[in-house]
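Thank you all for coming; I would like to take you through one structure slowly, starting from a single residue and working outwards. Please have the sequence and the model open beside you while I talk.

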Amino acid sequence: MSDQIVNKVAESGLISMDLEIYYPKEEIKVFDLKDHLFMGLILKEKDFRAALQAMDWSSYVGVNVAVTCSADAVIPMWAYMLVASYLQPVAKAVVFGNEKQTIETLLLRSLETIPGEEYTDKRVVIKGCGELPIPESAYLTITNKLRPFVKSIMYGEPCSTVPIYKKK
């Protein structure tokens, strides 16, 4: 009987993937259209255009921007397009939604950039617990991304996994 300790997890060939590394780390600023509404209810085109034209956009340089309207008002679609036309040249990314929705959108975009081919015939464990709130959509996205390539997908930790998919 040997006293040697064997790390069976390390020898298993499992690749552990932590979705937290794809979580957006850059600052997110919120651009709220409610700040440009007349009486908090109405968007007046002429005033809105003038306000955007006069705005100092430098605070949005290089940051991710969530564009939303937190007021219960009907906002015409062109208003969001107009805001995007000012933000696109300066912001890192412009996303519709609140901060939480923006984080989710940016995380999903990041996951889509993963080259699935690099995981061909690999056994992958998608880490389940962590410090950051990974949305359900991220787990769905990574499964869709990897399934055509991998030998298997599991969820959890390498020492305790839930099988998700196994190539036949």
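Before anything else, a word on terms: helices, which are runs of at least four residues, and strands, which are runs of at least two, come from DSSP and are numbered from the N terminus. Please also keep in mind that this is a predicted model.

With that numbering in hand, we can place S137, which lies in helix 5, the helix made of residues 136-146. What does S137 touch, if we leave out residues up to four places away in sequence? The answer is E104 and L108, and with E104 there is also a polar contact between the two side chains, at 2.4 Å.

Let me move from that residue to the interior. The largest nonpolar core holds 24 residues, and M17, L19, L111, I126, I142 and L146 are those with the most contacts inside it. Two or more residues each are supplied to this core by strand 4 (93-96), helix 4 (99-112), strand 5 (123-127) and helix 5. Apart from this core lies another, of 19 residues, which include L33, L43, V67 and Y80. If you would like one residue of the largest core to look at, take I126, whose contacts, again not counting residues up to four places away in sequence, include M17, L19, Y139, I142 and L146.

Now to the sheet, which is open and has four strands in the order 1-5-6-7, with mixed pairing. Why is one side of strand 1 and of strand 7 left without a neighbour in the sheet? Strand 1 (14-17) and strand 7 (160-166) stand at the edges and each has a single partner strand, so one side of each has no neighbour there. From one strand to the next, the twist averages 30 degrees. Strand 6, residues 152-157, pairs with strand 7 in the antiparallel sense over six bridges, and in strand 7 it is P163 that is the bridge partner of M154. Helix 5, where we began, packs on this sheet and touches strand 1, strand 5, strand 6 and strand 7, while its direction makes about 170 degrees with that of strand 5.

Finally, the aromatic rings, where the count comes to seven pairs. In one of them, the ring centres of W57 and Y60 are 5.8 Å apart and the planes stand at 45 degrees, so this pair is tilted. W57 and Y60 are both buried, and ring pairs link them with F31 and Y86 into a cluster.

Conventions:
Residues are numbered from 1 along each chain as its sequence is written. This is a predicted model: local features need pLDDT of at least 70, side-chain atom pairs count only at pLDDT 80 or more; totals for chains, interfaces and linings use all residues. Side-chain values use heavy atoms; hydrogens and water are left out. A polar contact is a pair of N or O atoms within 3.5 Å; within protein, one must be able to donate a hydrogen and the other to accept it, and residues adjacent in sequence count only if both atoms are side-chain atoms. Contact means heavy atoms within 4.5 Å. A nonpolar core is a set of buried Ala, Val, Leu, Ile, Met, Phe, Trp, Tyr and Cys residues joined through side-chain atoms within 4.5 Å. Buried means under 20% relative accessible area, exposed over 50%, partly exposed in between (1.4 Å probe, protein chains only). Two strands pair if DSSP finds at least two bridges between them. Axes are lines fitted to C-alpha atoms, for helices over the stretch in contact, and angles run from 0 to 180 degrees between N-to-C directions. Rings of Phe, Tyr and Trp (its six-membered ring) pair if their centres lie within 6.5 Å; planes under 30 degrees apart count as stacked, over 60 as edge-to-face and the rest as tilted.
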